[in-house]
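Thanks for coming. I will go through one structure today, part by part, and keep it short.

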Amino acid sequence: MSQTVRGVIARAVGQPVELVDIVVPDPGPGEAVVKVQACGVCHTDLHYREGGINDEFPFLLGHEAAGVVESVGAGVTEVAPGDFVILNWRAVCGQCRACRRGRPQYCFNTHNAIQKMTLTDGTELSPALGIGAFADKTLVAAGQCTKVDPAAPATVAGLLGCGVMAGIGAAINTGGVSRGDSIAVIGCGGVGAAAIAGSRLAGAARIIAIDLDERKLTGATELGATHTINSSGLDTDAVVAAIQALTDGFGADVVVDAVGRPETYRQAFYGRDLAGTVVLVGVPTPELMLELPLIDVFGRGGSLKSSWYGDCLPSRDFPMLIDLYLQGRLPLEKFVSETIGIGDIEAAFAKMNHGDVLRSVVVL
């Protein structure tokens with residue numbers, strides 16, 4: 001049997017989101033129905049609404065979520081009803097070439113639920129990142145559920161489902177930041193702020209936060225930044241010089257670009273030390289182009305990396321990070337700017353666009 005619940009959808013490009021009734025089917029083989037308790041409002045949801053991901057409207061928005069498994073389908077062994085889980089959008093297949101080589105964090109065949117959630121008239125919905133968690137309940141592949149300690153509030157646990165994990169992972173998993181390193185983070189929204197928190201957790205000696213907004217720099221300091229650079233009005237050369245001035249004239253060991261624009265990437269490229277690492281975690285829009293002298297790419301050495309979902313493996317990283325939160329070593333609560341109701345998502349998009357929040361979190 002199916003059940004009807006509330007959910008937030010985007011019907012067409014640029015239209016305000018709507019709170020409607022949606023139909024959630026019983027889980028089939030390999031699937032699970034999760035009662036959502038909290039879901040963060042992420043920029044990716046806005047990209048879906050604006051048609052920046054694809055045109056498979058209507059979308060059931062929301063993906064950065066935690067909740068309790070209500071029911072599971074045949075063959076599901078990794079979770080059971082009653083388990084507190086964080087939803088992830090990289091359910092690894094275990095069979096692709098990356099998984100077979102022991103690199104499941106790069107799985108090239110991640111999967112979602114087979115069945116579709118629908119509107120009450122039968123119109124099929126496209127769940128954001130295969131999750132669709134701006135809803136009382138959602139249907140996902142069981143592999144998208146990662147069991148964690150239920151002592152953590154859903155409002156903070158769910159943040160690991162996307163932005164916070166992307167930032168922490170960009171610094172630690174992709175960038176390899178470790179004790180004594182220097183790191184510069186360009187863009188101190190939710191993802192960049194998480195990269196700063198992750199760098200502090202890893203023991204980085206110098207953590208440089210770079211942003212146009214003084215409010216975000218203040219927040220970055222609270223999360224562990226040792227130095228800040230307000231880049232408002234600064235060109236690439238000036239930003240690079242400021243990074244070098246804070247790193248004995250050399251540049252940072254790792255620079256994370258959490259913005260994803262050509263100008264910020266150039267700042268990251270030239271702001272790193274020789275043989276340093278650039279990590280691109282900010283998602284660029286398709287029309288953006290980058291031009292760099294090839295001799296500089298060769299001559300500076302090091303690594304130019306992109307970070308997908310913080311190169312995380314949910315089954316490994318989510319429980320560990322929740323344990324660190326419960327130990328008081330990872331202040332996830334500082335990322336929650338406000339909690340809101342399911343009818344307040346459009347207003348949350350506006351606050352996010354104005355830089356007024358790190359995360360608005362929908363409580364269901």
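**Strands, a helix and some long-range pairs**

I start with β12: in that strand, the bridge partner of Ala 184 is Ile 208. Before going on, note that this is a predicted model, in which local features need pLDDT of at least 70, side-chain atom pairs count only at pLDDT 80 or more, and totals for chains, interfaces and linings use all residues. Residues are numbered from 1 along each chain as its sequence is written, and side-chain values use heavy atoms, with hydrogens and water left out.

Some terms first. Helices (H or I, at least four residues) and strands (E, at least two) are DSSP runs, numbered from the N terminus. Two strands pair if DSSP finds at least two bridges between them.

Ala 184 and Ile 208 belong to a parallel pairing: five bridges join strand β11, residues 182–186, to β12. Between these two strands the chain passes through helix α5, residues 190–202, and the β-α-β crossover is right-handed. Right-handed here means that, with the strands pointing away from the viewer, the path from the first strand over the helix to the second runs clockwise.

On to the next strand. β12 is joined to β13, residues 227–230, by four bridges, and these two run parallel as well. Ile 210 has Ile 229 as its bridge partner in β13. Helix α6, residues 214–222, completes a right-handed β-α-β unit with β12 and β13.

Why is β12 largely enclosed by the rest of the structure? Five of its six residues, 206–211, are buried, so the strand is largely enclosed. Buried means under 20% relative accessible area, exposed means over 50%, and partly exposed is in between, with a 1.4 Å probe and protein chains only.

Now helix α8, residues 262–271. Seven of its ten residues are buried, so to speak of cover, the helix is mostly covered. The buried ones are Pro 262, Thr 264, Tyr 265, Gln 267, Ala 268, Phe 269 and Gly 271. What do they pack against? Their neighbours are β11, α7 (236–245), β14 (252–257), β15 (272–280), α9 (294–300) and β16 (303–306). Contact here means heavy atoms within 4.5 Å.

There is also an open sheet of five strands, with mixed pairing and the order β7-β2-β1-β4-β8. β7 and β8 (126–127) stand at the edges with a single partner strand each, so one side of each has no neighbour in the sheet. At the β8 end, two bridges join β8 to strand β4, residues 59–60, and the two run parallel. Leu 60 stands opposite Pro 127 in β8.

Next, the salt bridges. A salt bridge is a side-chain nitrogen of Lys or Arg within 4 Å of a carboxyl oxygen of Asp or Glu. How many does the structure hold? There are 13 salt bridges.

One of them pairs Asp 136 with Arg 6, with the closest N and O atoms 2.9 Å apart. This pair links distant parts of the chain, 130 residues apart: Asp 136 sits in the loop between β8 and β9 (137–141), and Arg 6 in strand β1, residues 3–10. Asp 136 is buried at 16% relative accessible area, while Arg 6 is partly exposed at 36%.

Another salt bridge joins the side chains of Lys 137 and Glu 70, at 2.6 Å from N to O. Lys 137 is in strand β9 and Glu 70 in strand β5, residues 64–72, so the pair ties together parts 67 residues apart in sequence. Is Lys 137 buried or exposed? With 15% relative accessibility, Lys 137 counts as buried, and Glu 70 is partly exposed at 31%.

A third example is Arg 215 with Asp 356, whose closest N and O atoms are 3.1 Å apart. Arg 215 is in helix α6, and Asp 356 is in the loop between α11 (345–353) and β18 (360–363), 141 residues away. Arg 215 is partly exposed at 48%, and Asp 356 is partly exposed at 45%.

Last, Gly 143, in the loop between β9 and β10 (145–147). Its relative accessibility is 29%, which counts as partly exposed. Gly 143 touches Glu 78, Asn 88 and Ala 91, leaving aside residues up to four places away in sequence. The C-alpha atoms of Gly 143 and Ser 315 are separated by 9.3 Å, with their positions 172 residues apart along the chain.
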